[in-house]
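Work through the exercises below with the model open. Each task is followed by a stepwise solution.

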Amino acid sequence: AALDGDTTLIVLSDHGFDLGVLHEDPSRARDLRRVSERFHRIEGILYLYGNRVRAGRRLEEPELLDIAPTVLALAGVPPAADMPGRVLSEGLELPPEFTATPRQIASYEAPHPAGAPAESKTDANVAPEILEHLRALGYLDASSPKGDRNLAALHFEKGEYAEAARLYADLVRKTPDDASLRASLAGALGALGRLDEALAELGRSIALEPANPEAHHNRGAILEKRGDPKAASHEYQTALRYAPDYEPSRSALARLGGGASEPLAANEKLATALAEQAHQAALRGDYAGATQKLDEAARIAPRFALVAHYRANIAYLQGDRAGAIAALRRAVELEPDNPLFRTNLERLEAAGPAGGAPASKRIDPPR
């Protein structure tokens, strides 16, 4: 009802999710800036409504790379010839010059060298104010690391592993301290059969982010492929240490006939159940009930680090950063070799004086 007749509404997601496997509480994802990529699927969502949209039409398998030329066309700017993707003309009412092939504009990138044909100049058929507007928005003469990452992922999903590896390698050279990028590069290298290189990248990824369950699982998969099930089981067990509900590692261990390297004692099993009940109570906003459950769990298993970490998470949800820091210090004291506990503690302590939850920092979930 708020739209006027000149407006087009686009509803878009760059990927979808596997229904039924996404955890009911996204805050328990390992990295709270995103939900774990293991739940992603290549099919996303795209809806168009309003000006220049043909009502009731179905788009014919649109792809991510079709969005930019389509948005340009809707804005009255002809897509350039060097832009991958197509205008989704089956769902739009557009003048023919916006969907014609070949495209009239060669490129919107940096100006071409002297001597280039006149028709390849960026301002050939576009008003200067439109170019300036696009440049001000950051769409011209700029690079997009996230866009490059998405493009690499798209090639990987299509089975174009060599191109995915090339793009990920370029991104890693630009941001060598990004553990997630190194893990993605390792995945592409592994798919190409370059196992030694994949293992090396996973090692660098884990050194940067030791508590990454996906990286440990992928290292286990490569070790298993190389005929070392014992070492593979250790990596799968490590992944489950940081993410007990990580199904790929659970399935791999079941296939290898293994289990947890250190089975929980009876009191630890009961404490784990109580801690999970505390977590559910906290999700409902019942922090008093959650604290009561954790107190009971601590009485049953006083030296069980997982209970301390749950207590840290619930304290943080309440805005009690001082309480979260104290609980994490206890968790590190009980399990000093756990990098997840140490990382969360370092993040909270680096955020400044205790007192309230910082707006831009959130600790990882209880494990």
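**Exercise 1.** Find which strands each supply at least two residues of the nonpolar patch in this predicted model.

*Solution.*
1. List the members: L3, L9, V11, I45, Y47 and Y49 make a nonpolar surface patch of about 600 Å².
2. Map them onto strands. β1 (8–13) and β4 (45–50) each give at least two residues.
3. Rank the contributions. β4 gives the most, with three residues.
4. Check one member. I45 sits in strand β4. Its relative accessibility is 44%, so I45 counts as partly exposed, between the 20% and 50% cut-offs.

**Exercise 2.** Determine which side chains form salt bridges with R166 in helix α4.

*Solution.*
1. Take E163. Its side chain meets that of R166 in a salt bridge at 2.6 Å, N to O. Both residues lie in helix α4 (residues 161–174), three residues apart, about one turn of the helix.
2. Take D170. The closest N and O atoms of R166 and D170 are 3.4 Å apart, within the 4 Å cut-off for a salt bridge. This pair also lies in α4, four residues apart.
3. Classify exposure. R166 is partly exposed at 42%. E163 is partly exposed at 28%. D170 is partly exposed at 24%.

**Exercise 3.** Locate the helices that hold R329 and E349.

*Solution.*
1. Confirm the contact: R329 and E349 form a salt bridge, with closest N and O atoms 2.9 Å apart.
2. Assign helices. R329 lies in α13 (residues 321–334) and E349 in α14 (residues 339–350), so the pair ties together parts 20 residues apart in sequence.
3. Check exposure. R329 is partly exposed at 47%, and E349 is partly exposed at 37%.

Terms used: Residues are numbered from 1 along each chain as its sequence is written. This is a predicted model: local features need pLDDT of at least 70, side-chain atom pairs count only at pLDDT 80 or more; totals for chains, interfaces and linings use all residues. Side-chain values use heavy atoms; hydrogens and water are left out. Patches are made of residues with over 30% relative accessible area and no salt bridge: like charges are joined within 9 Å, nonpolar side chains (Val, Leu, Ile, Met, Phe, Trp, Tyr) within 5 Å. Accessible areas come from the Shrake-Rupley method with a 1.4 Å probe; for residues, only the protein chains shown count as cover. Buried means under 20% relative accessible area, exposed over 50%, partly exposed in between (1.4 Å probe, protein chains only).
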